[in-house]
Structure formats: structure tokens, C-alpha cells
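The exercises below are meant to be worked through with the sequence and the model open side by side. Each one sets a task and then gives a solution in steps.

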There are 2 protein chains.
Amino acid sequence: MTPVKTIDEQLAYLAKGSVDLIEKADLKAKLQRGTPLTIKVGFDPTAPDIHLGHTVVIRKMRHFQQLGHRVIFLIGDFTGMIGDPTGKKATRPPLTREEIEANAETYKRQVFKILDPDTTEVRFNREWLGALGSDGMIKLAAKYTLARILERDDFRKRFEAHQPIAIHELLYPLAQAYDSVALKCDVEMGGTDQLFNLLVGRDLMREYGQEPQVVLTMPLLEGLDGVEKMSKSLGNYIGIDEAPDQIFGKVMSISDDLMWKYYLLCTDLTPAEVSELRASGQHPMELKKRLAKSIIQDFHSADAAEGAEAEFRRIFSERQTPTDIEEKQLPASDEPQLLAKIVTLAGLAESNKDAQRLIAQGGVLVDDMKAETTRHALDARAGRSYLLKVGKRRFARVTFTSS
Amino acid sequence: MTPVKTIDEQLAYLAKGSVDLIEKADLKAKLQRGTPLTIKVGFDPTAPDIHLGHTVVIRKMRHFQQLGHRVIFLIGDFTGMIGDPTGKKATRPPLTREEIEANAETYKRQVFKILDPDTTEVRFNREWLGALGSDGMIKLAAKYTLARILERDDFRKRFEAHQPIAIHELLYPLAQAYDSVALKCDVEMGGTDQLFNLLVGRDLMREYGQEPQVVLTMPLLEGLDGVEKMSKSLGNYIGIDEAPDQIFGKVMSISDDLMWKYYLLCTDLTPAEVSELRASGQHPMELKKRLAKSIIQDFHSADAAEGAEAEFRRIFSERQTPTDIEEKQLPASDEPQLLAKIVTLAGLAESNKDAQRLIAQGGVLVDDMKAETTRHALDARAGRSYLLKVGKRRFARVTFTSS
């Protein structure tokens, strides 16, 4: 990271990639005080499986850490009991204390790949929400009106569509907003889908006589396809725990446009540095390699990034110019021969059964065409010749000859 | 009270005067079991000043007691913190524990004039609502939907009129309904304005897997004017702590129609007994005396009732034949003379100022017509004569003469 010195440079670095920043002037005023700010981000207590999409906000937390601020990784173990109704229909079954603790450890193992453990506080909101008791919950609920809660898009739509809204769902935005009161937050961050909740925090802090927090939202990251939001269920994701080679290959597969978005949201480069890169005229493939290495370095190490690049180069070259292809002569036949048998005879499978398995998995190509069935057969008359490919890197050329 | 023996007689006695009974068949089934039922009525923890209007429900509690059931006088010290939004706009300031305890003692002193202290349990709903804690409140709120809460008339009207509804107000019906769950109520009673809340109790008991309570509402009693609901602020009330003479006089002032309503709602007579009375052909004044004595007997004693009747007879006779009216001769004048001055000259007030005060209070009658203003003046020409009455029992006849 390039040194970020002036308040305006700090502001530009923190605002990089953000969607909402309410209000920028408030953040500037807070930064000008020169004392560490308290930054809160809430996470769901259910089993985490963090992918690159989640890291957008986590990386923004790191940016605050880099500038000397105090970051709170807040696990919503109380609010999780309610279940954020944002965009959801069913509430989740409550987790046990043990499950929550186990999930917190999994979170730590993953997010400390990005965050600095020494300046990250992991907190649980049951600490203060549980302590409110019956009376405190009533008093909290007294701070907000139904009309304001129903301004939330998903509530309004469900209400207007006569879909049921349970009363406790109305308490979710208040409970999570109370976290900001309890922690006296300076800044709360989240995805753009959390904007309403974060603004309730801002309102509620005023109600409790506190300086309202700054609200900063980050965009939802598109997946590898460049269209849908990155998600595990859509398969268009890069997991934080994936192997370096896999991450490298996935990054290389994205479009040039998406690459620039990832540079903005998934690296620590300053806006100025990204602009420089764009102006450098480097080949997109080289830029993607650099991005891939940066991501691997975050999730694994610099060595792993170098290793993945070397592996990628090797495979890529092999793919382009397979020079060491073994030549096999097989006895010709007037009858078509099963591909599985040919693959085995060519030494690309250990047995006929193994060959069938490889074909069934879609791992066998004949002259660059995938064999679709284990019953696939080839014309084996004299003079016929085929380039067989098994998996990513094993090739053989077979030629049928009359003996 | 006449013996009430069969289940159908019990049902008729308990249903006497009620507006809603949901469901009558359920109450019958509960009575048929032959075991004592649990009857709950909720009272507001604010300073009680009980009048005849409040006694309608309290008397119904007594009817259940007379039939051997268990009555719970529930003081809503927790729900009072929320403030029942029914027909109200502002929430009340919370009471201290000491104020609540003091109010409970005042309640007991008053309601035990009607209820049997030995079979009345006084309970406070903080006992179980306070114990719910943050988690319990969330779970309770999860049991009901916004749409069902907004079926309540006053909520719907405020919502449609864009008047603010604080979120905690939505919790009131649920919290008071939870009282029925905690107490495993068989019957809950209240005024007709409480119907919605009582029905939420019925719903909520089902949600908690309990047999739903029977809901019984009693009408809001009209005040002495026979038009407006009895209330202290309207001045049309009979207070439970009022002196026997005052109660007697107030009951004697009501219309014949209202008398029958009071017989229904403010005595323990069975429906059959009220019918008998109506058919008896007694003079309405005698029936009112009987009603007045019944009410005084409830709030004071049989002796006090007899005493009040005797006093009433005495005053009434005096009023009818004022034999000892003082005659006053005043000098005639061609100019009208101020009533206040005439009252003073007649010796019915100590000073002109005193006379003006009496007129302002509506306490001065001229020939049975009330003087409406302190500027009231009388034709004072020779030969004019007026019967002045001040308060209930002071009379003077003034005649203007040319001296």
C-alpha cells in the first residue's frame, strides 16, 4: 500500500469502491479529529464460508485498520435469533452457544487472512441485547415508529402484497441499530442491501443522544460470470479457502471489465494506483495475472502466488503446444472399437473400468471433442488416427495399422 | 342472591349484561367440568379512583366468585410501562415500584367493597413479563403478525391517517395476551373497548398449545346523564368512595330507562329477579330508592343505606313543602337590580362577592330557574315578588315595595 497521508487522501482511500457514504463531510470531520475511530461491521452467526464477495467489506475494514482505526467484527448471535428479514422469507432455527462459538472460530481463521488480528475486536451482540431484558426491549421499540420501519423496501412490498410480517421482524432493524449505540460507533459498514438497517443505527444514535455514525456501503460483487452476484449456490465464486491454482485459473477466466471492478474492490490499491495501471497499456492477461497473484497472496502467501502463476504458465503452454505427445500404433479392425478400450491400450487409463470412469466424468477428448458416453466407439480401420486427451495434460496419438 | 343452580342458570347469571361472549358454548363446556375456573381481569397500575362504571366488570368478577371460581385481579405494572394505546395518544410516564404498590393498596381497599378478598388473587404481570427477558420478548413478538395487529381499529385508523405508531405499542396486545398464557386463564373479561386485546389472548393461548380462554366483555356504563360514558372528567359519575347521601341523591336523579340498565349492571340480581321487578308495577321512585340502597350497601353498609334513605326523605319533604320560608321586603326601583345584590340583601349570602360566587356555581335559583350569570338582574318595580333558593335548602321570598 502506498502511503496515504492527507485527510483527503485518507477519505479517497476509504471511499474507494463504496456506493453510499452518509455523510462524507461527517467522515471527514471524524478523521480530522485524529483519534482512532470505532468501525463496526455485523456478521451473521451461521456457519461462514467466506468467498471473494464477502471480502469486499472485510477489505474495507482492513483499510480502516491500516489508517489506525479500531475495527469491530460483530457477530450477531442475538439478532441471528430473529433472523434479518432482509430479502428472506423464512426465519432460521436458533443456533446453540457451541455452534456460535465454533462458527466464530471459523470466521476468525478466514477473516484474519485479511484483517489484522491485533486491531480487530470480535464481539457478540448478545452481550448488550441480552442484557436489555423485557424492559429494555420495550424501551428500544418505543424509539421508532411503524411508518419508518415500513419504509424498508422488503417490508413495504410484503405488507402491500398482504404477505405475513411477524412482529419480531420489525424489531430486527432496531436491535442491530442498538449495537451501534452500545458500541458508540463512528462508522458502520455493510453491503448495499443493508443500507436501511445502517441508517436506522444512525437515527437511533441520535435518539440516544450520541453523535450519529457514518454509514458506508459497499457494492455486492459480481461473480465470475460478471452478471450475477457472487454466491456459492450459483457456483460463480472464488472461495477464501480454495487452492492457489484454482483461484489463479478462476481469475484468469474473468472479463476485462470485471477485472477492473475486482481491482477496485478486491485489492488494496489506491484509486491513483488503479488509474496508473489502466493507463499503463499492459496486456489484459498480464493484468489478470497480477490481480490473481494479489488475491492469492491475501488468502495464502506470496510464494503460493508465484507457484500458482508458474503452474498456470506451464499448463497454459502445454495446452497451446503439446510437444511431447506419445504415438501409439494399434491393430486395425473393420469393426468399430470401444473408446474405453482404446484409451486403455494407449496407456491413458489403468484399466477398461478406469477408462469408462474417465469418459463418464467427461474427461476424455477425441480430436478435441468430448466423448459423451462410455459406449462411444471409434472407426478402427487401417489408417485412422486420433488425438486422445485425458484430463488436462495427458495426450496420446493413436493410429490404427494393419499388422 | 337467589340460588343459581343449573349450568344454564349459571350461564344466564354470568352472561347477564354482557356484550360479547366468545364463545358461549366454550364457557358452558368449562362450567360443566365442575372444577373452579380461573378468571382474569387486567387493571391499569395508575392511581385508581373507582366509580360505578368500573364496578360493572368488578361485579362480574364477583359473580364468578359467588359460583366458586378463582378470580385474578391483575395489575398491569409491566404493560403499564408500555401504556395501552387503545384510544390514547400519549404514553404515560412510568410509575415507580412504590407508586405501584401504593396504588395496589388503594385498589384493594376499593375493590374489596365488592370482591371477596378470600377468593381474589392480586397479581402483577411484571412477575412473568419481566422474566421473559430480551429473548422471551422476541419469541413472543414472533407469535403474531403485523396485519393481525393492524386489524385493531385504533391502530388501523392511526396508520391510515399517517399518525405515528411506535413499535412498542404493537407489543402491548401481545404482552397483555401473554398474561393469559402465564395464568392459564379460562375466562378474561373487560370493557367492550378491550375486545381486540382479549381476543389476542385467545389466539395466543392456542399458539402456546393451551385451551383458548373465553372472552366476556361488559358495556361501558352511561353516566348520570344517560348519554355519555361515566367518567370523572365529565362529572357524571358515582364514586365508590362517595358519601351515602351523595350516592342516594345521584341515583334518584337518573332516568327510568337508565335505572333498569343500572339494575342490570350494578346489582347482583338475576335476570329473573330484574324481570320480576319490572313486572311488579312499583313506582319508579320506589325502585330507584331500592337501587340506591343496593349500591350504598355495596360501597358502605346496610345501615348507611337506611340512613341515606331517611335523610333523602327528610330533604325531599322539606323541598316539597318549604314551610319556614323567610319573607323579605325590599325597596322597589324602576331600574332592574342585580340578583347578587338582592341575594345579599335577602340574607342568603354574606356579601355581594359571596352571592356572585354562589351564582357562578349555579347554586342560585329564581322561581326554580337557575341564574346563569353573575350579571343577572331582576325587574325590581313595586309589587314584583320572587322565590329565591340558594343551595339545596335555603329559601327566601323577596317582594319589592314602594316605601
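**Exercise 1: a hairpin and its surroundings**

In this predicted model, strands β12(A) and β13(A) form a hairpin with three residues between them, and G391(A) in the turn has a positive phi of about 65°. Describe how β12(A) is paired with its neighbours, and decide whether this strand is largely enclosed or not.

*Solution.* Begin with the hairpin partner: β12(A) is joined by six bridges to β13(A), which covers residues 394-401, and the two strands run antiparallel. Within this pairing, L388(A) stands opposite A396(A) of β13(A).

Next, turn to strand β9 of chain A (residues 364-366), which is joined to β12(A) by three bridges, again in an antiparallel arrangement. Here the bridge partner of V366(A) in β12(A) is L388(A), the residue already met opposite A396(A).

Finally, consider burial, for which the cut-off is under 20% relative accessible area. Five of the six residues of β12(A), which spans residues 385-390, are buried, so the strand is largely enclosed by the rest of the structure.

**Exercise 2: the sheet in chain B**

Find the order of the strands in the open sheet of five strands in chain B, and state which strands stand at its edges.

*Solution.* Reading across the sheet, the order is β7-β13-β12-β9-β10 in chain B, and the pairing is mixed. The edges are taken by β7 (326-331) and β10 (369-370) of chain B, each of which has a single partner strand, so one side of each is left without a neighbour in the sheet.

To look at one edge in detail, follow β9(B), residues 364-366, which two bridges join to β10(B) in an antiparallel manner; there V366(B) stands opposite M369(B).

**Exercise 3: a serine in a helix**

Locate S180(B) in its helix, determine whether this residue is buried or exposed, and identify the polar partner of its side chain.

*Solution.* S180(B) lies in helix α9 of chain B, which runs over residues 167-183. Its relative accessibility is 0%, and S180(B) therefore counts as buried. The side chain of S180(B) makes a polar contact with the side chain of K40(B), at 2.9 Å. Leaving aside residues up to four places away in sequence, S180(B) touches K40(B), C185(B), E188(B), M205(B), Q210(B) and Q213(B).

**Exercise 4: relating the two chains**

Work out what kind of axis relates chain B to chain A.

*Solution.* Chain B can be laid on chain A with an RMSD of 2.1 Å by a turn of 177° and a shift of 0.4 Å along the axis, which is the relation of a two-fold axis. In chain B, the C-alpha nearest that axis belongs to G133(B), 1.9 Å from it.

Definitions and conventions: Residues numbered from 1 in each chain as written. Chains lettered and ligands numbered in written order. Predicted model: local features only at pLDDT ≥ 70, side-chain atom pairs only at ≥ 80, totals over all residues. Heavy atoms only, no water. Least-squares fit on C-alpha atoms with pLDDT ≥ 70 in both. Buried < 20%, exposed > 50% of the residue type's maximum accessible area, 1.4 Å probe, protein only. Helix = DSSP H or I, 4+ residues; strand = E, 2+ residues; numbered from the N terminus. Pairing = 2+ DSSP bridges. Polar contact = N/O pair within 3.5 Å; in protein donor to acceptor, adjacent residues only side chain to side chain. Contact = heavy atoms within 4.5 Å.
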